Amino acid sequence: MSIKADLHMHTTFSDGLLSPYELVKKCKQHGLSVIAITDHDSVDAFHDAIEYGKEFCGEVIPGVELSAMVDDKDVHILGYFVNYTNKRLLEYLQFFRMERVKRAERIVAKLNSINVPITIEAVMERAGKGAVGRPHIASAMVDEGHIRNYQEAFEKFIGNGGPAFEKKFHVTPDEAIKLISSSGGLSFLAHPGRFTSDDAVTQLIQCGLDGIEVIHPSHTPTHSAHYRGVVGEYFLLESGGSDFHGGKKNDDDVLGNYYIDETKVNMMKHRLFSQNLSH
Ligand code: AMP
Ligand code: ZN
Ligand code: FE
Ligand code: FE
């Protein structure tokens, strides 16, 4: 049987619900042999890697998911094989997480002004030691009875362009891609089928993107075929994964069903190896 590699997942170090330890245990049960943990603006999951490595006999690739702006729209850039002890990377991530707290405060203030009385404390309690994001705000809103379900928070209030929406700190794709490469990693455009225009994809490729996430739960077969074509056209690498966040968002069934095979992971390693030789 071929190896299943799922290169997109979140833990409690961002908006996932499982700890890295719980996550690797679940991945093992779902037949995954290679995974990348890609928390938003955090690599802190890797500081326990030795402990959970005992549980998981496969490979855990150190990753991260950064946000950047292209044409005033948020794009997500995955970094794989980053050096999670790189001082500059850690300083940047800490800065991005602080900016996330300020943004959460702005969103809460907007919600309060339109009669949704949630507190920043309730949001931060859900984020714990992880990077705070809109999912924590949504779950505070649900738990405190202001809306019926998680999805409604995005549809009515905090989704892009909604009445309580706030942008993130402005990072250019060039900055995000350079931060990943200077930390020894490869950069991939995450889930382009969700909101990213072809023009934005081209701009990112010009910034030095290494690859594209072709397989993702939000992608239709048409999306995957399209982005596989772009990968071929520009000699890029292909990635894929489940974007697993944990049971609450009903994404339990995505684990084990969105993956790439070993050949694609080996191609990434070859690219890294030849990059290191040329430096
Ligand atoms: P943030 O990093 O704070 O902008 O939050 C982004 C996260 O919120 C994404 O990774 C998704 O998990 C979730 N999200 C964003 N938009 C939606 C939406 N329209 N519906 C449900 N979840 C969403
Ligand atoms: Zn997320
Ligand atoms: Fe994302
Ligand atoms: Fe993600």
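This passage walks through the metal sites of the structure, then a strand and a helix residue.

The model is predicted, so local features are taken only at pLDDT of at least 70 and side-chain atom pairs only at pLDDT 80 or more, while totals for chains, interfaces and linings use all residues. Residues are numbered from 1 along each chain as its sequence is written, chains are lettered from A and ligands numbered from 1 in the order in which they are written, and side-chain values use heavy atoms, with hydrogens and water left out.

Start with the zinc ion (ligand 2). Asp15 (OD), Asp15 (OD), His40 (NE2) and His245 (NE2) coordinate this ion at 2.1 to 2.6 Å. Donors here are N, O and S atoms within 2.8 Å of the metal (3.2 Å for Na, K and Ca); water is not among the atoms, so sites may look incomplete. Along the chain, the zinc donors follow the spacing D-x24-H-x204-H. The two histidines link distant parts of the chain, 205 residues apart: His40 is in the loop between strand E2 (34–37) and helix H2 (49–53), and His245 is in the loop between strand E7 (237–240) and helix H11 (262–278). Helices (H or I, at least four residues) and strands (E, at least two) are DSSP runs, numbered from the N terminus. Both His40 and His245 are buried; that label means under 20% relative accessible area, with exposed over 50% and partly exposed in between (1.4 Å probe, protein chains only).

Next comes the iron ion (ligand 3), which sits 5.6 Å from the zinc ion (ligand 2). Its donors are Glu65 (OE), His76 (ND1) and His191 (NE2), at 2.0 to 2.2 Å, and in sequence these residues are spaced E-x10-H-x114-H. His76 belongs to strand E4 (residues 73–80) and His191 to the loop between strand E5 (186–189) and helix H8 (192–195), so this pair ties together parts that are 115 residues apart in sequence. His76 has a relative accessible area of 11% and is therefore buried; His191, with 4%, is buried too. The backbone at His191 has a quirk as well: its phi is near 25 degrees, a positive value in a residue other than glycine. Most residues other than glycine have a negative phi.

The other iron ion, ligand 4, is coordinated by His8 (NE2), His10 (NE2), Glu65 (OE) and Asp243 (OD), at 2.1 to 2.3 Å. Glu65 (OE) thus turns up again, having been listed for the iron ion (ligand 3) and now for the iron ion (ligand 4). The 4 donor atoms subtend angles of 76 to 163 degrees, so the arrangement is irregular. For reference, four donors count as tetrahedral if all angles lie between 85 and 135 degrees; four count as square planar and six as octahedral if opposite donors are over 155 degrees apart and all others between 65 and 115; anything else is irregular. The donor residues are spaced H-x1-H-x54-E-x177-D in sequence, and 4.3 Å separate this iron from the zinc ion (ligand 2). His8 lies in strand E1 (residues 5–9) and Asp243 in the loop between E7 and H11, so parts that are 235 residues apart in sequence are tied together by the pair. His8 is buried, with a relative accessible area of 0%, and Asp243, at 10% relative accessibility, counts as buried. Asp243 also has a positive phi, near 55 degrees, in a residue other than glycine.

Away from the ions, E5 is covered on both faces: Leu186 and Phe188 on one side, and Ser187 and Leu189 on the other, are all buried. E4 and E5 pair in the antiparallel sense over 4 bridges, where pairing means that DSSP finds at least two bridges between two strands. Leu189 in E5 is the bridge partner of Ile77. E5 also pairs with strand E6 (residues 211–215), in the parallel sense and over 2 bridges, and there Leu189 stands opposite Ile212.

Finally, Val265 is found in helix H11. At 3% relative accessibility, this valine counts as buried. Leaving aside neighbours within four places in sequence, Val265 is in contact (heavy atoms within 4.5 Å) with Ala5, Ile61 and Ile260. Val265 and Ile37 are 228 residues apart in sequence and 14 Å apart in space, C-alpha to C-alpha.
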